[in-house]
Amino acid sequence: MSTVIPVPDNWRSLFSSWDELRHGYHAGDKDETVRGCARRLDTTAPGSEGDPVLFWTLGLLTLAPYVAFGKPGPGVEDEVVAVLSRVARRDDGRTCAHGWHPYEADVDDVLERLPVSLEVLSSPVDQALDDLLPEDLLPEDCLDELDEEAEPANLSGPEILARWQCPRTALGFARAALDYLGATVR
């Protein structure tokens, strides 16, 4: 079964753990949770089209508030920055036809909306396309703040989905996570 974006089978429990950590009530080993996500991203990047690079990148974006402000143990932030930098450097100057990508939305809005968006993004392709609305994939504020002529306000659900599937999206979210951490691409 092909999903809209590649995700591991246990994505819901992984994301739940990351979201708990982001909100400050994760009961497990916080640093190991972050390192586990970083290791998985490191092993999938650069990745082929079927690898869940975007999923693991979104994981580190979700964990970035903890890494930035939660006093992680020694080396955790360095490991995260190194992996995110490798993903962000994959941009070899290629362009795409999209005028806008989801990583251009406000990061905090994306993080708040991410559990709902991941439900759609992890759906089988044929199921995800049925009655897909823009608000299924983007924060409502992102759609409301733009005039009707600008992207993404004038995009259909499937057109926004194509932006999520664009290889540049993982790179952009890696850069957004680095920005959140106050780091630059190394």
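This report describes the fold, salt bridges, cysteines and selected local features of a predicted model.

## Overall architecture

The predicted chain contains nine helices and zero strands. Read from start to end, its pattern is α-α-α-α-α-α-α-α-α.

Of the 186 residues in the chain, 47% are buried. The accessible surface amounts to about 9200 Å², and carbon and sulfur atoms contribute 47% of that area. Among contacts with a separation of 6 or more, 74% join residues that lie 24 or more positions apart.

## Surroundings of L21

L21 belongs to helix 1, which covers residues 11-23. The relative accessible area of L21 is 3%, so this residue is buried, the limit for that class being under 20%.

Leaving aside residues up to four places away in sequence, L21 touches H26, K30, T33, V34, L63 and Y66. One of these contacts, T33, is 12 residues from L21 in sequence, and the C-alpha atoms of the two are 8.6 Å apart. Another of them, L63, is the residue at which helix 3 bends.

## Helix 3 and the loop that follows

Helix 3 has 17 residues, for which a rise of 1.5 Å a residue predicts a span of 24 Å; the C-alpha atoms at its ends are 25 Å apart, in agreement with that expectation. The helix nevertheless bends by about 45 degrees at L63, and the proline P65 follows within four residues. Helix 3 is mostly covered, with 15 of its 17 residues buried.

K71 comes just after helix 3, in the loop between helix 3 (53-69) and helix 4. Although K71 is not a glycine, its phi is positive, at about 60 degrees. Most residues other than glycine have a negative phi. The relative accessible area of K71 is 77%, so this residue is exposed.

## Salt bridges

The whole structure holds six salt bridges. In one of them, E119 pairs with R12, and the closest N and O atoms are 3.1 Å apart. E119 lies in helix 5 (residues 107-121) and R12 in helix 1, so this pair ties together parts that are 107 residues apart in sequence. Both partners are partly exposed: E119 has a relative accessible area of 36%, and R12 has a relative accessibility of 48%.

A salt bridge also joins the side chains of R35 and E79, with an N to O distance of 2.9 Å. This pair links distant parts of the chain, since R35 is in helix 2 (residues 30-44) and E79 is in helix 4 (residues 76-88), 44 residues apart. R35 is partly exposed at 23% relative accessible area, and E79 is partly exposed at 25%. The side chains of R39 and E32 meet in a further salt bridge, at 2.2 Å from N to O. R39, at 40% relative accessibility, counts as partly exposed, as does E32, with a relative accessible area of 38%. In addition, D19, R22 and E112 are linked in a network of salt bridges.

## Cysteines

The count of disulfides in the model is zero. The cysteine sulfur closest to that of C166 is in C96, at 3.8 Å. A disulfide requires sulfur atoms within 2.5 Å, and the distance from C166 to C96 is therefore too far for a bond.

C166 counts as buried, at 8% relative accessibility. C37 is likewise buried, and its relative accessibility is 1%.

## Summary of the local picture

The features above can be drawn together by helix. Helix 1 contains the buried residue L21 and also R12, whose partner E119 lies in helix 5. Helix 2 provides R35 and helix 4 provides E79 for a salt bridge between distant parts of the chain. Helix 3 combines a bend of about 45 degrees at L63 with a mostly covered set of residues, and the exposed residue K71 takes a positive phi just after this helix.

Methods: Residues are numbered from 1 along each chain as its sequence is written. This is a predicted model: local features need pLDDT of at least 70, side-chain atom pairs count only at pLDDT 80 or more; totals for chains, interfaces and linings use all residues. Side-chain values use heavy atoms; hydrogens and water are left out. Helices (H or I, at least four residues) and strands (E, at least two) are DSSP runs, numbered from the N terminus. Buried means under 20% relative accessible area, exposed over 50%, partly exposed in between (1.4 Å probe, protein chains only). Contact means heavy atoms within 4.5 Å. Accessible areas come from the Shrake-Rupley method with a 1.4 Å probe; for residues, only the protein chains shown count as cover. A salt bridge is a side-chain nitrogen of Lys or Arg within 4 Å of a carboxyl oxygen of Asp or Glu. The expected span of a helix is 1.5 Å times one less than its number of residues. The bend at a residue is the angle between axes fitted to the seven residues ending there and the seven starting there.
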